[in-house]
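Visitor: I am new here. Please show me the chain, and then let me ask my questions.

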Amino acid sequence: MTDTQTPQARRRTFAIISHPDAGKTTLTEKILLFGGAIQLAGEVKAKKNRVQTRSDWMGIERERGISVVTSVMTFEYDGRVFNLLDTPGHEDFSEDTYRTLTAVDSAVMVIDAAKGIEARTRKLFEVCRLRDIPIVTFINKLDREIRDPFDLLDEIEKTLALDTAPVNWPISRGKSFGGTYNLSENTVRQIDRDGPAISVSGPDDPAVLGLVPEYERDAWLEEIELARAGCRPFDLTAFREGHLTPVFFGSALRNFGVKDLIDAMGAYAPPPREQQAQTRVVKADEPKMTGFVFKIQANMDPNHRDRIAFMRVCSGKLSRGMKAKLVRTGKPMSLSAPQFFFAQDRAIADEAFAGDVVGIPNHGTLRIGDTLTEGEEIVFRGVPSFAPEIMRRIKLTDAMKAKKLREALQQMAEEGVVQLFVPQDGSAPIVGVVGALQLDVLKTRLAGEYSLPIDYETTRFSVCRWIDSDDQKELDKFINANGSALAVDLDGAPVFMASTAFSLNYEMERWPEIRFTDIKDYQ
Ligand code: GDP
């Protein structure tokens, strides 16, 4: 068991990953209820339809009910401080969703028990896997008709290449869902009953069997036998290394299984991990403060370039008023008003520790991927770019403003609103995003902040990859051969754009000496 002696050892910084509709919002709400962070169920849900937020963010975000207030939700439970980082889903899915996963130490994967692993879950999981983030699985909606539990476990193992260790097992399902049976502890938790799980003599204990409809009992006992004999036991090391996921069955809507989940997060999920910087590894318990910016949020007043940069503290203690060094520029920066975020509110932070996420108001000084330290020249390698999934050419309605547009796009790309690709053939810039909402945000901000009305045009490109090679000649040859499909990104790195995944694959096969990558580290 992890100790809770030091502030950083008490931290659990995590995100929930899921496909839309699997139940992330419902689960978040129930987790926050346990943590005492919100009083009323329905609070988080309400954000989807909220007309008015407490703060006055950009119009587009307000319209869509996206709010910076819920980007990080901090609460205390059972002697630990949990930082739940929101990963936007649905149509507000964006690169921020991916970047947020670079700032967590663990994740809860929510799966709809009737549907299994869905596309978005798999994508988000792959991002977690890049850093071997430990995953706790919550199979949700057990109160509905579900797929066979063995089938679901098998699917996780096969499609994600992740070992599973079911901690509890559903007692019947659908309308007759009675609760869960803990496979290793011989305890039972009954649906709609609060309080601790009840110890029993075994699966055939009347207190358990009484929850199974009579005609199902033999089959259920057999299932438990099979689960016990055939499934892996939980192994903390394999979990912490990201190879094995403990699996919980439950129902977020019925508030069932949520306590077990959050208890498991407290007991097993890792405290702040060490972070890889370019020159060395930074440990969470080092005394000096370090951190990196993984998300920038436009602030209230579009005319004033107010931004909140979300920084993950990686080591040491951040105190209000301290001077930090922004490593990219070498300049000092006063952290005079770092902010904490709670489910319903935010507050000025007096101190924050490794694992915490603070919001730093600034006027465009901070960029995604920036490292802040107490003076040391280190750069974290935590925040990569992901190849966009939607590409659009920018059409400027006023051709006189081309230069201004270039500057504005550069700024927006630095903030991480979109990725910018400048085609080598001199044609109009192309922007790339992973979620369509980013395009709306860009358009609104260009109009509002720069008086630049733009439109989008489709391009013949739909996918792109960063390219490089150990053989410079071969790279030059490739670049020459593909002139009109070549662009450079914000840092001047070459990018190959293709019209379809098929044609991309075709080129990849034709040019074995060229590396085509869909993830690129910042800096
Ligand atoms: P999200 O899109 O992943 O945030 O999913 P939501 O939390 O909004 O849930 C999607 C739908 O599934 C909503 O109608 C929820 O009420 C419903 N839902 C969530 N959890 C459960 C559950 O445990 N059982 C049932 N029956 N419905 C659920």
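Visitor: Which residues are buried in helix 12?

Guide: First, the ground rules. This is a predicted model: local features need pLDDT of at least 70, side-chain atom pairs count only at pLDDT 80 or more, and totals for chains, interfaces and linings use all residues. Residues are numbered from 1 along each chain as its sequence is written. Helices (H or I, at least four residues) and strands (E, at least two) are DSSP runs, numbered from the N terminus. A residue is buried if 20 or more other C-beta atoms lie within 10 Å of its own, exposed if 12 or fewer, and partly exposed in between, with C-beta atoms placed from the backbone. In helix 12, the buried ones are Leu409, Met412, Ala413 and Glu415.

Visitor: Why do these buried residues count as being on the same side of helix 12?

Guide: Take the directions from the helix axis to the C-beta atoms; the arc is theirs. An α-helix has 3.6 residues a turn, so residues three or four places apart point the same way. The buried residues of helix 12 share one side because the arc they cover around the axis is only 155°.

Visitor: Which residues are exposed on the other side of helix 12?

Guide: Turn to the side away from the buried group. The exposed residues on that other side of helix 12 are Lys403 and Glu407.

Visitor: What do the buried residues of helix 12 pack against?

Guide: Look for contacts, meaning C-beta atoms, placed from the backbone, that lie within 7 Å. The partners of helix 12 are two strands and a helix: strand 14 (290–298), strand 26 (419–423) and helix 13 (437–450).

Visitor: How far apart are the end C-alpha atoms of helix 12?

Guide: The expected span is 1.5 Å times one less than the number of residues. Helix 12 has 14 residues, 402–415, so 20 Å is expected. The model agrees, with the end C-alpha atoms of helix 12 apart by 20 Å.

Visitor: Which residue follows helix 12?

Guide: Look just past the end of the helix. The phi there is positive, near 85°, and the residue that follows helix 12 is Gly416.

Visitor: Which residues come nearest to the ligand?

Guide: A residue is near a molecule or strand if its C-beta atom, placed from the backbone, lies within 6 Å of it. There are 17 residues around the ligand. The ones that come nearest are Gly23, Thr25, Thr26, Ser251 and Leu253.

Visitor: Which helix gives the largest share of the shell around the ligand?

Guide: Sort the shell by class before looking for its source. Ala, Val, Leu, Ile, Met, Phe, Trp, Tyr, Cys and Pro count as nonpolar, Asp, Glu, Lys and Arg as charged, and the others, Gly among them, as polar. The shell holds four nonpolar, seven polar and six charged residues. The largest share, three residues, is from helix 2 (residues 24–34).

Visitor: Why is strand 31 largely enclosed, and how many of its residues are buried?

Guide: Strand 31 covers residues 494–498. The rest of the structure largely encloses strand 31, because its buried residues number four of five.

Visitor: Which residue in strand 31 is the bridge partner of Val488?

Guide: Two strands pair if DSSP finds at least two bridges between them. Strand 30 (residues 486–488) runs antiparallel to strand 31, with three bridges. Strand 29 (residues 463–468) is also antiparallel to strand 31, with four bridges. The partner of Val488 is Pro494.

Visitor: Which residue takes a positive phi in the hairpin of strand 30 and strand 31?

Guide: Five residues lie between the two strands. The positive phi is near 85°, and the residue that takes it is Gly492.

Visitor: Where is Ala161 found, and is it buried or exposed?

Guide: Ala161 is in the loop between helix 7 (149–160) and strand 6 (163–166). Its phi is positive, about 50°, although Ala161 is not a glycine. With 10 other C-beta atoms within 10 Å, Ala161 is exposed.

Visitor: Is Ala352 buried or exposed?

Guide: Ala352 is part of strand 21 (residues 351–353). Leaving aside neighbours within four places in sequence, Ala352 is in contact with Val313, Leu318, Pro338 and Val358. Since 27 other C-beta atoms lie within 10 Å, Ala352 is buried.

Visitor: What share of the 523 residues of the chain counts as buried?

Guide: The chain has 15 helices and 33 strands. Over its 523 residues, the buried share is 44%.
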